[in-house]
Each structure stands twice: as C-alpha cells, then as structure tokens.
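Colleague: Before I use these labels, I want to hear the reasoning behind them. Can we go through them one at a time?

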Amino acid sequence: LEVNNVGFRYGGGPWGLKDVSLKVADGERIAILGPSGYGKSTLAKLMAGYEHPAEGTVLWNGAPLPRRGYCPVQLIYQHPERALNPRWKMRQSLFEAGALDEDVLREVGIRPLWYDRWPIELSGGELQRVIIARTLLQEPDIVLFDEPTSALDVITQKEILDLIAALRRRFRFAGLFVGHELGAVQHVAERIYVLADGRFVETLAAKALAHAKHEATLALLHASELLG
C-alpha cells in the first residue's frame, strides 16, 4: 500500500493533510502517532478508500483501491458499537462479512452464545472482538486499526492488544495502527510515523523512541510518562 504526496481538505477549507507519503509492505507493522485532531483518522480513511485525497494518490500494488467487491485494505474503528447495525444480532453481523469460518471465530475468541445477542448486550471488548472477526472473515492483506482500544478499560485494552498481536502472527496480515498512546503503539508496531500539523515530522523504530528529536514526539513521550 502506497500513499504518495497526499493532501486532504476538510470541506474545501484549510489543508488537514499536506504532502503525506508512506508505504506499508507485506506483513509489516507500522503506527501513525499523534495528538487527537491532527488528521490520523482521516489518513486511515484515505488509506482504506473511504475518503479521497484532494491531491496525491493512494495505491495498492500500483493501482487505485477497488471501489466495489473485495478490498484488500480493511479499517477497524475505535468505537465498535458504531460499526454494527443495532437491528442485527451478532450472527447476521458476522455472516454479512462472509462465511462463518469457525477457525477464525475461535481464534478471535467469539463465543457461540453471542450469536443470538444484540450489540447492546455485549461489552466493549466483546464488540471489538466481533468487529475484528468480521474484518478477518474478509481475508484482508492490510488491517488499519484506528485507536482500537481507546474506548476500553485498561485490562480489556491489554487483552485486545495481545489478541491483535497473536492474530497478526496467525493470519499474517500487515497492520497499521493509529493512536496517541505510546504504550499501545509500542506493543504492536515495529516502525512509527509521528503526524503533526498535517504532515509526518519524524519516523522512528518503535524501540528507538528514546532517541526522538521532534518536539511533537517529545511531547507524546512526556504525556506517556505522566500517564504511566
């Protein structure tokens, strides 16, 4: 997946993203880190084909993302309850994504007793497992996680991050993680892009954050130390 010199305007107003470029290789794990409101989620939507850049290109294997049928890039939002039809029970929500592969459902931790439950009857962590299962049933090559643990309690956050790491090893999809929490990002990513003022200001190996130089990265490190 290639993002080439992408720019994006919000409703024709100021540039939210400007001259942004990155590549995600097969099986790679990268993260986009930055404060809230700095365009991280917008970039994820552009990479999944849900938004279209005002300039630049987003390419999969050298061609635009398909607009119909199978899409190799799938996006998981931070609020799972908003991604499910409240009028559908879990069985229908899962079946919509593809055949109910029991191996996939078992790996994600989906319990059969959930099939006849409504979204409102499941916890946040359970709903996130359903969303992850729906995504994997579509056999994506790249999964974009938009702050997948931000709406969960600390214990459930750790469970979901461990699950994502295990599933990535099992199903070998590339993962791109969007967030602002350093602990979560370091748990799942190898390489980190720091986004500030609509552009990437620093790129580091996840293990080398102590060598960060840009003020935006240092501010995130400081915030992480305060919260930790």
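Modeller: What follows takes the labels in turn, for a model that is predicted.

Colleague: What makes the chain as compact as a globular protein of its length?

Modeller: The chain has seven helices and 10 strands. Its radius of gyration is 18 Å, and the globule rule gives 17 Å for 228 residues. The two values are close, so the chain is as compact as a globular protein of that length. The C-alpha atoms fill a box of roughly 50 × 40 × 30 Å along the principal axes.

Colleague: How many of the contacts join residues at least 24 apart?

Modeller: The share is 69%, counted among contacts between residues at least 6 apart in sequence. As for cover, buried residues make up 48% of the 228.

Colleague: What makes helix 1 mostly covered?

Modeller: Helix 1 spans residues 40–48, and seven of its nine residues are buried. Buried means under 20% relative accessible area. The buried ones are K40, T42, L43, A44, L46, M47 and A48. G49 comes after helix 1 and has a positive phi, near 85°.

Colleague: Which sign does phi take at E139, and why is E139 called exposed?

Modeller: Phi is positive at E139, about 50°, although E139 is not a glycine. Most residues other than glycine have a negative phi. E139 sits in the loop between helix 4 (124–136) and strand 7 (142–146). Its relative accessibility is 63%. Exposed means over 50%, so E139 counts as exposed.

Colleague: And why does D197 count as exposed?

Modeller: The reasoning runs along similar lines. D197 has 64% relative accessibility against a cut-off of over 50%, so D197 counts as exposed. D197 is not a glycine, yet its phi is positive, about 55°. Its place is the loop between strand 9 (191–196) and strand 10 (199–205).

Colleague: How do you know that R191 forms a salt bridge with E28?

Modeller: The closest N and O atoms of R191 and E28 are 2.3 Å apart. The cut-off is within 4 Å, so the pair qualifies as a salt bridge. It links distant parts of the chain, 163 residues apart. R191 is in strand 9, while E28 is in the loop between strand 2 (15–23) and strand 3 (29–33).

Colleague: Why is E28 called buried, and R191 partly exposed?

Modeller: E28 has a relative accessible area of 16%. Buried means under 20%, so E28 is buried. R191 has 21%. Partly exposed runs between the 20% and 50% limits, so R191 is partly exposed.

Colleague: What makes D116 and R91 a salt bridge?

Modeller: Their N to O distance is 3.8 Å. The limit is within 4 Å, so D116 and R91 count as a salt bridge. The two are 25 residues apart. D116 lies in the loop between helix 3 (102–108) and helix 4, and R91 in helix 2 (residues 90–97). D116, at 48%, is partly exposed. R91, at 37%, is also partly exposed.

Colleague: Why are D103 and R106 separated by about one helical turn?

Modeller: D103 and R106 are three residues apart in helix 3, so about one helical turn separates them. An α-helix has 3.6 residues a turn, so residues three or four places apart point the same way. D103 and R106 form a salt bridge, with the closest N and O atoms 2.4 Å apart. R106 is exposed at 57%, whereas D103 is partly exposed at 40%.

Colleague: How many salt bridges does the whole structure hold?

Modeller: The search finds nine.

Note on methods
Residues are numbered from 1 along each chain as its sequence is written. This is a predicted model: local features need pLDDT of at least 70, side-chain atom pairs count only at pLDDT 80 or more; totals for chains, interfaces and linings use all residues. Side-chain values use heavy atoms; hydrogens and water are left out. Helices (H or I, at least four residues) and strands (E, at least two) are DSSP runs, numbered from the N terminus. The radius of gyration is taken over C-alpha atoms; the globule rule is 2.2 Å times the number of residues to the power 0.38. Buried means under 20% relative accessible area, exposed over 50%, partly exposed in between (1.4 Å probe, protein chains only). Contact means heavy atoms within 4.5 Å. A salt bridge is a side-chain nitrogen of Lys or Arg within 4 Å of a carboxyl oxygen of Asp or Glu.
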